[in-house]
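Thank you all for coming. I would like to spend a few minutes on the salt bridges in this model, and I will take them one pair at a time.

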Protein chains: 2
Amino acid sequence: MGSDSDIVLSSRIRLARNINGYRFPNAMGSEEAKKVINECSGSILEGNSTLANSFHLIEMSKLSSVDRTAMVESHLVSPVLIDNYENSAVLLNDDKTVSIMINEEDHIRLQVIFPGLQLDGAYELADKIDDVIEERVDYAYNQKFGYLTACPTNIGTGMRASIMIHLPALTMTRNMNGILNAVTQVGLTIRGIYGEESDAQGNIYQISNQITLGLSEEEIISNLTAVTKQIIDKERAARKWLTKSNANALEDTVWRSLGVLQNARILSNGECLNLLSNVRFGIEVGIIDSIDLLTLNELMINTQPATLSKIEGQEVTESSVDIKRAEYVREELKKR
Amino acid sequence: MGSDSDIVLSSRIRLARNINGYRFPNAMGSEEAKKVINECSGSILEGNSTLANSFHLIEMSKLSSVDRTAMVESHLVSPVLIDNYENSAVLLNDDKTVSIMINEEDHIRLQVIFPGLQLDGAYELADKIDDVIEERVDYAYNQKFGYLTACPTNIGTGMRASIMIHLPALTMTRNMNGILNAVTQVGLTIRGIYGEESDAQGNIYQISNQITLGLSEEEIISNLTAVTKQIIDKERAARKWLTKSNANALEDTVWRSLGVLQNARILSNGECLNLLSNVRFGIEVGIIDSIDLLTLNELMINTQPATLSKIEGQEVTESSVDIKRAEYVREELKKR
């Protein structure tokens, strides 16, 4: 599970790589794009490593618009990959912890997502897969600048490490502004996963490194892990305070949120995320024990519009999406 | 049940009577008060009518402060009777439809409450009991002014007829101001049972006659019944509109309200009444069928502070009343 999984939802390592001899995706035609897809996917699917059997290739152009958006909602691919869907593809492994995007902003965007706080573990796997690809692919690499990338902000290690973290207690105690400022000052970026930074729906934030050049991968990971641990400590202290000094109000918020999720007939995405955040908090601090965090993770993704359409087996229109979302949440919570 | 019991909670007839030879309660001493109590209660308890067996006398001074307030919350006695508790009493019948207050503002305040819209039936019983009392008691009566009362606004018939009515749809469609004005213009009074008139908590209103002199009892009742029926029609039209044009929003409101009642850990009196109103509405229009209106009526009264204290078996402090109320509501709804 990774450590601190009551606060950290997931750890992600993303490596940006490009191949010598091809233009960057934003400048290439469809023929060239096809060659890049073939070369990249071949390095995994036709390689000697055991990875070959656990990956499969999905060409974005073969998917419906809803299916593509649903993959973004599940954090399996990025919006940029979708924008370039005519020329892009993704290699996914069976348990969906690894996604190798081809012809995103760079030729290759290798992404590993692990639950909880385990950036080291995620990097270890990413590094291993990176080596497998490099056996067959000639990476664009410069002695001075490291891995060359389409955007200079990714140059050097080409690595972006990030964690997704649930901070309801720091939000309820109005400490998030201080956290936002502090994180930014140590060269990291923090933003709400849903909604605006300052009004993050669901109280879920992503913290990632801003700098990719001049630091080693290990330094980036150790910096981010250290800062994350400090935030975890602050969140734990805030949770302790809330559960001690404000137990009734906290329980009231948590149980009401569950009651609304179990009963509402109309649920906007934003309200749903905030209610799920409160229930998640309730589970994390032991107020609710009839629902587990995996269910909450599923609900968070499955209530996103495109994923909801996939589940319903038909495109959910904008006028009915809040009704369908409420229906889906009720049915899922009834099962528990 | 009386008619229109999905909208009209209850019909009430109250007769004010005084006895010749005694001063009004606000001017009498305790000796005189005792005589009035004896004379009034004797007329029922020692009379020849079959009423004798179904009534019992409760002296207000023998009750604890909590018990007295709980009787007000149950609409069995008035706040004025409680204010004068050292010298007042009440005769209650077994099913609590009849309450004869002694030494309230007048010597006798005879009150009959029936469920639904049945002012005629309530008056018939009140009139019958009035006759029984009059067999032994010499009422203060004047050929020109009718029954003499402590306050001139009650002179004449001494009758106040009122109905308690639940108007959620007229409230939701913002039609209550028009109703409030119209009712006042035809010589009737309308007020919220809980909270202020313009912001009636629980959307429950009392409509009663303002005039007691110059109209016969039958005219008063027929006026009030006619106006009530008009309001019932308007409420029905608003309910129809809401259930047709706004079904999802209405169901959402109703079910969320039930969800909060079933889950909240802190419930103020005002919020509780409003949520109960929404659930009652849901039952009345057939959205909810697992709970009945009697349960709702009980919850409305039993969540009032003094009644809650009686149920808990100890005085509920102001700091804990919202927590105890939430606890009580959860447990009661779990039973259904």
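In helix α12 of chain A, which covers residues 321–335, you will find both Lys334(A) and Glu331(A), placed 3 residues apart, or about one turn of the helix. These two residues form a salt bridge, and please keep in mind that this is a predicted model, in which their closest N and O atoms are 3.6 Å apart. Lys334(A) counts as exposed because its relative accessible area is 63%, whereas Glu331(A), with a relative accessible area of 38%, is partly exposed.

Let me move to chain B, where Asp6(B) and Arg236(B) meet through their side chains in a salt bridge, at 2.7 Å from N to O. This pair links distant parts of the chain, since Asp6(B) sits in the segment before β1 (8–17) and Arg236(B) belongs to helix α7 (residues 217–245), 230 residues apart. Arg236(B) has a relative accessible area of 32%, and is therefore partly exposed.

Staying with chain B, we come to Arg23(B) and Glu32(B), whose side chains also meet in a salt bridge, with 2.8 Å from N to O. Which of the two, then, is buried? Glu32(B) is, because its relative accessibility is 13% and the cut-off for buried is under 20%, while Arg23(B), at 49%, counts as partly exposed.

Finally, back in chain A, salt bridges can also join into a network, and the one I would point to links Glu104(A), Glu105(A), Asp106(A) and Arg109(A). Taken over all chains, the structure holds 36 salt bridges.

Key: Residues are numbered from 1 along each chain as its sequence is written. Chains are lettered from A and ligands numbered from 1 in the order in which they are written. This is a predicted model: local features need pLDDT of at least 70, side-chain atom pairs count only at pLDDT 80 or more; totals for chains, interfaces and linings use all residues. Side-chain values use heavy atoms; hydrogens and water are left out. A salt bridge is a side-chain nitrogen of Lys or Arg within 4 Å of a carboxyl oxygen of Asp or Glu. Helices (H or I, at least four residues) and strands (E, at least two) are DSSP runs, numbered from the N terminus. Buried means under 20% relative accessible area, exposed over 50%, partly exposed in between (1.4 Å probe, protein chains only).
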